[in-house]
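Biologist: I'd like to learn how to read a structure like this one. Could we start with a helix and work outward?

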Amino acid sequence: MLQKSKTAFFGILPLVLSVLSLTSAGAAPSGGHSLKKAEELSSVDEAAAISPLKLSTFRPKQGEVIELTVLAKELALEPGSEPPLIEFLGNKYKLFPFDTEDGPAYRALLTVPVVQKVGSVVVSVGALSTRVIVMDAHYPVQRLTLPPSKNNFNMAKGEEEAVDKAKATVSPVRHWTKNFNAPSKARLSAGFGLRRIVNGKLLPDYFHSGLDYAGFQGSPIVACAPGVVVLASTGVFKLHGNTVAIDHGQGVVSFYIHMQKINVKLGQKVDAGQLIGAVGQTGRANGPHLHFSIYCNNVASNPRQWYLKAF
Ligand SMILES: [Zn+2]
């Protein structure tokens with residue numbers, strides 16, 4: 001699947017951490033540079049230590065998911081009222097209730113977009129806020145050759161709308177309880193976050209929004225986690241080809257693209273590891289493969305971290 005960035009993309013230029021640029025910005029006394037850098041970093045750590053907003057990381061990489069948790073009492077809510085939305089990088093995220101040893105709490109999964117430039121950014125929930133430092137993920141560039149007939153992003157009527165609608169699914173129940181599994185046993189042929197040079201030309205605002213598995217035509221594709229099928233499209237999409245999307249709850253949706261065939265129906269509940277279809281090369285594909293993405297609150301996240309960590 002394709003992710004066309006709606007924001008300016010500075011991927012080619014070497015980006016400098018704002019913490020580093022701060023160190024050279026002023027009248028630091030001689031020998032003060034490394035000291036100021038250390039102060040800046042430790043001030044983030046100090047802010048993290050006292051923040052009532054608990055984050056799984058305060059130094060996320062581009063494409064990384066951050067789990068935010070906050071105790072209900074910290075939000076000082078009126079009885080019966082809903083918690084405020086989280087504000088992060090221009091997006092708003094809904095908080096979902098859960099129980100902790102310290103009492104009722106809320107949580108949400110935020111995603112740093114691949115195209116986010118590195119540096120310090122604010123996370124806020126109502127009157128509470130903290131900040132994180134976005135780190136460079138050093139995503140590489142891949143060269144691809146496509147026949148002229150496939151070297152375009154043309155979509156069928158309604159294709160973009162249907163895919164965007166599935167990406168934006170936010171339902172209240174969290175269906176998963178453990179790490180996600182890979183949807184295919186095939187070898188990986190392209191990683192997440194790659195930028196691409198197609199037929200010699202760099203695609204300026206493009207990055208690879210998922211993982212490609214080089215499975216042979218007809219090899220099995222399984223669900224990466226439990227959920228509900230929110231998209232099952234066959235024979236229509238020009239770009240994505242036959243596509244399945246599964247809603248795992250609380251803003252997490254997985255996508256399976258370029259499928260040969262689909263074994264599930266819209267609205268069907270699926271388990272982790274359940275067969276959902278077969279690898280193909282429908283849509284804009286230069287050979288049989290599965291393109292697999294995990295969108296988290298409408299932002300493409302690196303699927304690998306879902307295999308490694310149980311959010
Ligand atoms: Zn792909």
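Modeller: Sure, and keep in mind that this is a predicted model. Look at helix H3: on one side of it, Glu161 and Asp164 are exposed.

Biologist: Which residues of helix H3 are buried?

Modeller: In H3, which spans residues 159–167, they are Val163, Ala166 and Lys167. These buried residues cover an arc of only 105° around the axis, so they sit on the same side of H3.

Biologist: What covers the buried residues of H3?

Modeller: The cover includes four strands: S17 (227–233), S18 (242–249), S19 and S22 (290–296).

Biologist: How many residues are in the largest nonpolar core?

Modeller: That core has 58 residues, and Ile86, Leu110, Val244, Ile246 and Tyr256 have the most contacts inside it. Strand S19, residues 252–262, gives the most to this core, with seven residues. Domain 1 (51–134) and domain 2 (138–308) both contribute residues, so the core lies between them.

Biologist: Can we zoom in on one core residue?

Modeller: Try Val244. Leaving aside neighbours within four places in sequence, its contacts include Val229, Leu231, Tyr256 and Ile276.

Biologist: Now sheets. In what order do the four strands of the open sheet come?

Modeller: The order is S5-S4-S8-S9, with antiparallel pairing. Strands S5 (91–93) and S9 (128–134) are at the edges with a single partner strand each, so one side of each has no neighbour in the sheet. On average, neighbouring strands in this sheet are turned by 25° against each other, direction ignored.

Biologist: And how do S8 and S9 pair?

Modeller: Strand S8 (residues 119–125) pairs with S9 in the antiparallel sense over seven bridges. For Val125, the bridge partner in S9 is Leu128.

Key: Residues numbered from 1 in each chain as written. Predicted model: local features only at pLDDT ≥ 70, side-chain atom pairs only at ≥ 80, totals over all residues. Core = buried A, V, L, I, M, F, W, Y, C linked by C-beta atoms within 7 Å. Buried ≥ 20, exposed ≤ 12 C-beta atoms within 10 Å, placed from the backbone. Helix = DSSP H or I, 4+ residues; strand = E, 2+ residues; numbered from the N terminus. Domains from an automatic or database assignment. Contact = placed C-beta atoms within 7 Å. Pairing = 2+ DSSP bridges. Axes fitted to C-alpha atoms, helices over the stretch in contact; angles between N-to-C directions. Arc of directions from axis to C-beta.
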